[in-house]
Amino acid sequence: MTVLDARTVPHVDTPRIARTRHYLMCAPSYFEVVYAINPWMDVTNPVDVGLARQQWEALRDTYLGLGHRVDLIEPLPGQPDMVFAANGGLVIGGRAYGARFRFPERAAEGGAYATWLTDHGYRVTEPSRTNEGEGDFLALGSMILAGTGFRTSLEAHIEAAEALDRPVVSLELVDPRFYHLDVAIAVLDDGNGAGPADIAYFPGAFSRHSQRTLRDLFPDAIRCSEDDARALGLNAVSDGQHVVLPAAATSLAASLRDRGYTPVPVELGEFMKSGGSVKCCTMEMHR
Ligand code: ARG
């Protein structure tokens, strides 16, 4: 009799079970690149507005096709980055911690998202510290992984922990191409369903100490290659089984398949011109 190898390899035989999700998105009606606040943005590289709209609609239709709920917030004229709904706050179980943007160009988005959340019944804590919502906060199991270094301040990590009554693990980002946590880590399984929490990440985006933290907390995590991270492959959205991710991240998709996930590739090239992709366009209302 042979020993079943898969059983000795963590995660491989974990059943992947989709849980229906609730998302908030913002149509790219005013999306363009007219300022540069991250290395991806080049004001001389124009956005194809029609193509951006098609790509965004295909992403929304992908979520709807997977059975998820997608709410929409009205875009504001003059706020080209408002399409990146992940940055509008962090919502967990009826409570929300509002966003306070690092750059004045995006400042008005904070209030718009907070108003929408309040109007829809969420108890919003108004932030006094700089933070960019789910761009730098990832809900995982009973805790929150929090990024700092480019946008969100360390003080905001503490404020979020208090606002949402959850422990926070602070992680330091060191590579300007990966200026938000949600382009350096993908949550594959949030640990609130059948399986253990599971992530993929690009170690090079983090300080040595934070790499050590991630190794300790997630010894079995998928290590994403630099090429896939540069394709914004980690800017993915998972329902526990289906992982919606940029189509160019092909090796990451293969690793996901090996672990029993179903990769769902999408094209969001126009949004990469602004440094964003799947997850950036999606705020999740976590249970
Ligand atoms: N152009 C936007 C910015 O630099 C992109 C935001 C991407 N959002 C995200 N959640 N990573 O702020």
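The following exchange looks at the ligand and at helix 6 in a predicted model.

Colleague: Which residues come nearest to the ligand, and how many residues are around it?

Modeller: The shell around the ligand has six nonpolar, six polar and four charged residues. Counted as one group, the residues around the ligand number 16, and those that come nearest are Asn38, Arg106, His180, Asp182 and Cys280.

Colleague: How many Å separate a polar side-chain atom of serine 274 from a nitrogen atom of the ligand?

Modeller: A polar contact needs N or O atoms within 3.5 Å, and the side chain of asparagine 87 offers such an atom 3.0 Å from a nitrogen atom of the ligand. Arginine 151 places a polar side-chain atom 2.8 Å from an oxygen atom of the ligand. For serine 274, the distance from a polar side-chain atom to a ligand nitrogen is 2.8 Å.

Colleague: What percentage of the area that the ligand exposes when taken alone does the protein bury?

Modeller: Taken alone, the ligand exposes 350 Å². Of that area, the protein buries 100%.

Colleague: Why do the buried residues of helix 6 line one face of the helix?

Modeller: Helix 6 spans residues 250-258, and its buried residues are Leu252, Ala253 and Leu256. Because these buried residues fall within a limited arc when seen down the helix axis, they line one face, and that arc is 100 degrees.

Colleague: Which exposed residues does the face turned away from the buried side of helix 6 carry?

Modeller: The buried residues of helix 6 are covered by elements including helix 5 (226-230) and strand 13 (242-246). The face turned away from that buried side carries the exposed residues Thr250, Arg257 and Asp258.

Definitions and conventions. Residues are numbered from 1 along each chain as its sequence is written. This is a predicted model: local features need pLDDT of at least 70, side-chain atom pairs count only at pLDDT 80 or more; totals for chains, interfaces and linings use all residues. Side-chain values use heavy atoms; hydrogens and water are left out. A residue is near a molecule or strand if one of its heavy atoms lies within 4 Å of it. A polar contact is a pair of N or O atoms within 3.5 Å; within protein, one must be able to donate a hydrogen and the other to accept it, and residues adjacent in sequence count only if both atoms are side-chain atoms. Accessible areas come from the Shrake-Rupley method with a 1.4 Å probe; for residues, only the protein chains shown count as cover. Ala, Val, Leu, Ile, Met, Phe, Trp, Tyr, Cys and Pro count as nonpolar, Asp, Glu, Lys and Arg as charged, and the others, Gly among them, as polar. Buried means under 20% relative accessible area, exposed over 50%, partly exposed in between (1.4 Å probe, protein chains only). Helices (H or I, at least four residues) and strands (E, at least two) are DSSP runs, numbered from the N terminus. The arc is that of the directions from the helix axis to the C-beta atoms. Contact means heavy atoms within 4.5 Å.
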